[in-house]
Amino acid sequence: MSTGRIEFSSKFGIIAATVGSAVGLGNIWRFPYEAGTHGGGAFLICYIFFVFLIGVPTICAEFTMGRAGRIGIPGAYRLGHSSRKWDFIGYGGILAAFLILGFYAVVAGWTFEYILESVTGAFRDTTSEIRHAHFEDFISGWRAVCWTILFLLVNAAVSLGGVQKGIERVSNILMPLLFIILIAFCINSLFMPGFGDGVSFLFHPDFSKLTPDVILSALGQAFFSLSLGMGCLITYASYFSDNTPLVKTAGQIAILDTLVAILAGIIIFPAVFSFGMSPAEGPTLVFEVLPGIFNQMPGGSIWSTLFFILLAVASLTSIISVSEIVVAFLSDEIKISRTTATWVLTAVTIVTSTLCSLSFGPLKSTNLFNIFDYVSSNILMPLGGIGVCLFVGWKMKIEDAIGELHQKTGVPMWLVKIILLIIKYVAPICILTVFLAGLL
Ligand code: TRP
């Protein structure tokens, strides 16, 4: 069935764009500190369990809606019926997209500053107190705002290029680059004195650390990292062609995304142990601890520069996918051109992310950065995830779902049945449990 909707032009492009969405700050910044503060190996096992048991089927659910409807959100929630009763879930996704853009662009902007400072060797011979003071000073000022705006303009430039010439082309170039940098870092890690300790911290499961809190964090991390629960993958799947294998692609995303998170752990923990730091440093691990570590390594500025390029690349391909939710919505439903949609989005996001950025400084009392993060990750994303599963499991015609998952690509029926069973019962119940526990 051809609907005239633009499609990604190649299989590689589809993987690059969707893995680009999944691999982001979530893998390289959030995963290591989550694992670090939640006991390493035990967290990793839970995380992997959730990625494959709940994550892959939920990706399949988003893909099913997106490709069957060839439309982003909220339109995909009208598939097979004409009422607008389910639209609100889609609008929740659009709200979540704005919130994520608001705070994600801020951290992404920091990576630009840190690239520049690495190149100029600004961290050389600094103490951890100096770096801490510098970081606090930097994030609270206007300089951080400027970097954030620059990042949003780069994002706009990609979006203006369109699905094939913007998103797909940029992902095709940046994702291989990302993997090359990662591999270079891993090889370097092998030669660090703390390699053994770091790796055993990451892989040795200490089950005494498995508390409900760790389990919940692992599910939350899995969702954030796979870009689930707010229609991002619905929107990307609306650009898939009929012969894109949905289940296989979902599996590939999960494997590659997990691989990058593990590689980030293999890069960061040996370095942390080699230089006598604690892996439980928290969110500042990447910005305060790592520059200090790189400093003490031969060729430190180069490694430091490469590391922050890695973070910037990962952030850019993710943020593009969040923007696309809104751009697709504005052009599909409000019927404005892609160009206007991009500029509307960029203008609004410049305002919101400036406010978020300043909430580390003059607007501290508003706490906006944390509110945006909290509302999108802990409230809208889980609710959206439940919404997607309920829609595909209970509202969409089962023949249509089977058509997308089984007939178009010949995935064995027993596997499709298991996936649908998880979408219908297991995933919504698990997510709901996490959501309620998270709220309490
Ligand atoms: N998955 C990305 C990361 O790990 C973040 C992200 C991109 C995202 N698109 C999303 C999170 C959509 C939730 C929903 O950094």
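**Pocket, cavity and ligand**

Visitor: How many residues of each class are in the lining of the largest pocket?

Guide: The lining of the largest pocket has 11 nonpolar, 6 polar and 4 charged residues, where Ala, Val, Leu, Ile, Met, Phe, Trp, Tyr, Cys and Pro count as nonpolar, Asp, Glu, Lys and Arg as charged, and the others, Gly among them, as polar. The model is a predicted one, in which local features need pLDDT of at least 70 and side-chain atom pairs pLDDT 80 or more, while totals for chains, interfaces and linings use all residues. Residues are numbered from 1 along each chain as its sequence is written, and side-chain values use heavy atoms, without hydrogens and water.

Visitor: What makes a space a pocket or a cavity?

Guide: On a 1 Å grid over the protein atoms alone, a cavity is a set of points where a 1.4 Å probe fits but cannot get out, whereas a pocket is an open set with protein on both sides within 12 Å along at least five of seven lines, and lining residues have an atom within 4 Å of a point. The ligand sits in the largest cavity, so more than half of its atoms lie within 2 Å of the grid points of that cavity.

Visitor: Why do the ligand's pairs with Gly26 and Ser227 count as polar contacts?

Guide: A ligand oxygen is 2.8 Å from a polar backbone atom of Gly26, and a ligand nitrogen is 3.0 Å from an N or O atom in the side chain of Ser227. Both pairs therefore qualify, because a polar contact is a pair of N or O atoms within 3.5 Å.

How values were computed: Polar contact = N/O pair within 3.5 Å; in protein donor to acceptor, adjacent residues only side chain to side chain.
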